[in-house]
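Please open the model in your viewer and keep the selection panel at hand. The tour below moves from one selection to the next and says what is found at each stop.

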Amino acid sequence: MRNVIILGSQWGDEGKGKIVDLFSAHFDIVARYQGGNNAGHTIFIGDKKFVLKLIPSGILRPGKKAVIGNGLVIDPAALMGEIDALESSGIDVRANLFVSNRAHVLFPAHRMMEKMSEGRPGRISIGTTARGIGPCYEDKIGRRGVRIADLLDRDAFHAQYDSVMEEKTAIAKLFGIYEELDFRGIRDEYDAFADRIRPMVRDTALLLNRAIEDGQAVMFEGAQGSMLDIDHGTYPFVTSSNATAGGACTGTGVAPTRISGVIGVSKAYVTRVGGGPFPTEALDGAGERIRARGHEFGAVTGRARRCGWFDAPLLRYTAAINGFDSLVVTKLDVLDEFDQIPVCVAYRMGGREVTEMPPTVAAVEKIEPVYECMPGWSSSTFGIDSYDDLPPRAKDYLAFLEQRTGVEAGCISTGPERNQTIVRPGSRLEKLLS
Ligand code: GDP
Ligand code: IMO
Ligand code: MG
């Protein structure tokens, strides 16, 4: 049994797309388990760049199956746009992509509703991707959501759609966020979408479980990151789904007893897009240097990512809630030119060292990071694909991260492309992939 979860261990954009694409060579199926087109997973293959939002990163490997699990919210226009763009690049999407009949459907009215939380005085603006993700999950939990299976049953869909949209119109008018939407025209578009998606729709929980029984290997791909998880992240500055390892089970219908390991993806530093606390944010010139060297701009919204130093207590926390077997440390090359590299080794609050992640934003904002400085290696690691070839100080840096987080760095990424990667011989990660 080789069924492995790969997910982000920080606030998203850790480089999951590159790593999932690379590791998918070892699996038969790649299944996404949560989120929607708020995700932006960038993959470079030669001189071609792909940004995947809804479709699992495994789709780029010929013959591999890709599953959009029940835990996702699907904007049909985004999905169709993504399929068309990939197919025009020669990728056979429709032969290999399966969409859960239980995934939820996102409508333009969800984007309108997002203005309730993001734009109104007195509400905390999260700095979302404005894709309507939160309101769509609200409808799911509120038990009025439209699922893919509902969409395929035209009469039932029309009745449900009309009633839900009537509610949204009333609320939007009441709160002064109403915008003229052609509800009937949108319904027609969704009918057309239903016809296009129908051949790809499956009970993907059954599909995955049967595949596992037949000895196939499944990789579960998380979107966003552990600190954006609705339960375990920096609430309310989080996304509306479970990005952590448990989400892989609920978001696909595959039981924990079928999972053989969990791999966390972490940058060699930390970034965050949108609002919310970020204890190790570098607000001096160093943050800007990281942003410039790492091209830290959002793949979905183009926003500048906030940048800062590696946060070992945060990683210990996400390692605990996810049970990481191994860590992939990405973007090591971005730190090549720093003389000194601070690493946060402890949190202090009110003069006291804290070992737990505080539950409120107000408390996280009070954290004073305690740093230890590691000497930089002042030479290029870009593209290095063997551990032995890393400069000794880069190895020391990685060893320090391992020691302070308690998790092995089983894989190191030194550039955006597939071959710019080191998988360490003898690591737990290597065993999970074989
Ligand atoms: P994801 O959302 O976790 O898939 O990450 P994003 O694609 O949003 O952001 C990661 C960015 O870093 C992308 O532009 C990748 O091409 C790039 N990237 C990934 N790994 C490396 C690496 O090791 N070095 C460098 N320089 N860039 C990388
Ligand atoms: P990937 O998969 C980084 C952030 C948004 C905002 C918060 C809520 O590429 O790592 P939402 O639109 O989800 O309601 O926004 O979550 N966010 C991400 N940040 N990477 C992502 O995805 C993100 N998806 C959402 O910036 O702070
Ligand atoms: Mg991203």
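Which oxygen-bearing partner lies 2.5 Å from a polar side-chain atom of T129? It is ligand 2, through one of its oxygen atoms. Before going further, note that this is a predicted model, in which local features need pLDDT of at least 70 and side-chain atom pairs count only at pLDDT 80 or more, while totals for chains, interfaces and linings use all residues. Residues are numbered from 1 along each chain as its sequence is written, chains are lettered from A and ligands numbered from 1 in the order in which they are written, and side-chain values use heavy atoms, with hydrogens and water left out.

**Stop one: ligand 2.** Select ligand 2 and the 20 residues that surround it (a heavy atom within 4 Å), of which the closest are K16, H41, T129, Q224 and T239. Besides the T129 contact, a polar contact being a pair of N or O atoms within 3.5 Å, look for a backbone N or O atom of D13 at 2.8 Å from a ligand oxygen, and for one of G40 at 2.9 Å. The protein covers 97% of the 550 Å² of accessible area that ligand 2 has on its own (Shrake-Rupley method, 1.4 Å probe).

**Stop two: the magnesium ion.** Keep D13 and G40 selected and add ligand 3, the magnesium ion, which D13 (OD) and G40 (O) coordinate at 2.0 to 2.2 Å; donors are N, O and S atoms within 2.8 Å of the metal (3.2 Å for Na, K and Ca), and since water is not among the atoms, the site may look incomplete. D13 lies in the loop between β1 (3–8) and α1 (16–23) and G40 in the loop between β2 (29–32) and β3 (41–45), so the pair ties together parts that are 27 residues apart in sequence. D13 is partly exposed, with a relative accessible area of 22%, whereas G40 is buried, at 11% (buried means under 20%, exposed over 50%, partly exposed in between).

**Stop three: ligand 1.** Now select ligand 1, around which there are 17 residues, with K16, G17, T42, D333 and S413 coming nearest. An oxygen atom of ligand 1 is 2.8 Å from a polar backbone atom of G17, and one is 2.6 Å from an N or O atom in the side chain of T42. A polar side-chain atom of K331 lies 2.9 Å from an oxygen atom of ligand 1. Of the 590 Å² of accessible area that ligand 1 has on its own, the protein covers 92%.

Definitions and conventions:
A polar contact is a pair of N or O atoms within 3.5 Å; within protein, one must be able to donate a hydrogen and the other to accept it, and residues adjacent in sequence count only if both atoms are side-chain atoms. Helices (H or I, at least four residues) and strands (E, at least two) are DSSP runs, numbered from the N terminus. Buried means under 20% relative accessible area, exposed over 50%, partly exposed in between (1.4 Å probe, protein chains only).
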